[in-house]
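Trainee: Got a minute to go through this model with me? I'd like to talk about its empty spaces and one helix pair.

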Amino acid sequence: MFVPNPYRPGAGETPTYLAGRDKTLEEGAKILTTISYGYPARSEIFYGLRGVGKTVLLNRLMDMSVELGVVSESIEIENKSKSFQSELALKAYKLMAQLSRTKQLESYMTRAFGILKAFSLKYSNDGFTMEISVDPVQGIANTGNISNDISELFLALGSVAKHQKKGVAIFIDEMQIMRAADMEALFVAVHRVNQKGYPLVLFGAGLPKIIKIAGKVKSYAERLFLFKKIDSLDKEAAKLALTKPAEELGVSYTSDAIDEVLRITE
């Protein structure tokens with residue numbers, strides 16, 4: 001009789017049973033719940049070796065954000081040559097479009113779209129044109145100073161979210177690949193949003209070196225973010241990750257088999 005493979009070893013694929021991450025997900029859920037009420041919260045960055053499940057956690061938290069009514073978008077950093085600003089402009093447009101559905105456009109919403117349009121015209125270099133009917137607001141988010149312009153974009157987005165009493169979450173994977181200037185600008189933007197008390201947070205993920213990179217980019221990074229180490233599962237959680245998916249198919253392991261699998265896979 002054919003029995004399908006209940007495991008998903010692919011990169012970033014959510015396992016059928018997510019073991020050993022309850023506390024981490026609970027902490028993330030608290031952050032998302034806080035901003036869902038329109039209150040500010042501290043952003044979080046996961047770090048760890050490849051294959052420990054950082055991307056899975058980001059994806060699960062993004063699912064939670066939808067369940068909680070938090071407006072969210074994700075970015076995966078692929079290489080340093082791809083324009084982060086252009087990608088961010090697209091995601092900000094999608095976030096603002098989602099927020100604008102909850103109420104008719106008001107003056108602050110119109111201004112936010114104008115700031116976004118100006119930012120997009122300045123930084124989008126991939127041929128993408130946003131269909132925004134308002135005129136661009138000049139001299140705020142299109143100065144050419146990346147830190148200033150991303151900060152103004154985040155402040156506009158955060159202002160809309162606060163007025164709508166909605167939370168906004170941006171998920172960024174592979175952060176260690178980011179150009180230093182882009183990361184610095186991102187950190188400055190998150191810092192400014194925190195200072196204004198806006199309900200906008202960043203969930204990031206990267207290899208262990210992200211802590212060192214972040215510290216070099218901005219000395220206050222460790223105060224700005226919750227850095228959470230994601231490590232290999234402990235023995236009991238690893239057993240559950242192995243046995244629970246199999247149980248759904250009526251398959252069980254002997255204790256010796258479990259010990260051998262854990263020994264081989266570490």
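Cavity, pocket and a helix pair

Mentor: Keep in mind that this is a predicted model. The lining of the largest cavity divides into 5 nonpolar, 2 polar and 7 charged residues.

Trainee: How many cavities of 30 Å³ or more does a search of the whole structure find?

Mentor: The search finds 1. The volume of the largest cavity is about 110 Å³.

Trainee: Which residues are closest to its centre?

Mentor: Of the 14 lining residues, those are Ile77, Asn79, Lys82, Ser83 and Phe84. Strand S2 (71–76) and helix H3 (84–100) are the elements that give two or more residues to this lining.

Trainee: OK, pockets. What volume does the largest pocket have?

Mentor: About 1,100 Å³. It is lined by 36 residues, and Arg8, Gly51, Val52, Gly53 and Leu233 are the closest to its centre.

Trainee: Which element gives the largest share of that lining?

Mentor: H9, with 4 residues. By class, the pocket lining has 18 nonpolar, 8 polar and 10 charged residues.

Trainee: Now the helices. At what angle do the axes of H5 and H6 cross?

Mentor: Roughly 35°, and the axes of H5 (residues 146–164) and H6 (residues 180–196) come within 8 Å. The crossing of H5 past H6 is right-handed.

Trainee: Which residues meet there?

Mentor: From H5, they include Ile150, Phe154 and Leu155; from H6, they include Leu186, Val190 and Val193. The contact of H5 with H6 has 10 nonpolar, 2 polar and 5 charged residues.

How values were computed
Residues numbered from 1 in each chain as written. Predicted model: local features only at pLDDT ≥ 70, side-chain atom pairs only at ≥ 80, totals over all residues. Heavy atoms only, no water. Axes fitted to C-alpha atoms, helices over the stretch in contact; angles between N-to-C directions. Left-handed = near helix turned anticlockwise from the far one by under 90°. Contact = heavy atoms within 4.5 Å. Nonpolar A, V, L, I, M, F, W, Y, C, P; charged D, E, K, R; others polar. 1 Å grid on protein atoms, 1.4 Å probe; cavity = no way out; pocket = protein on both sides within 12 Å on 5 of 7 lines; lining within 4 Å. Points joined across faces, edges and corners; volume = space filled by probe spheres on them.
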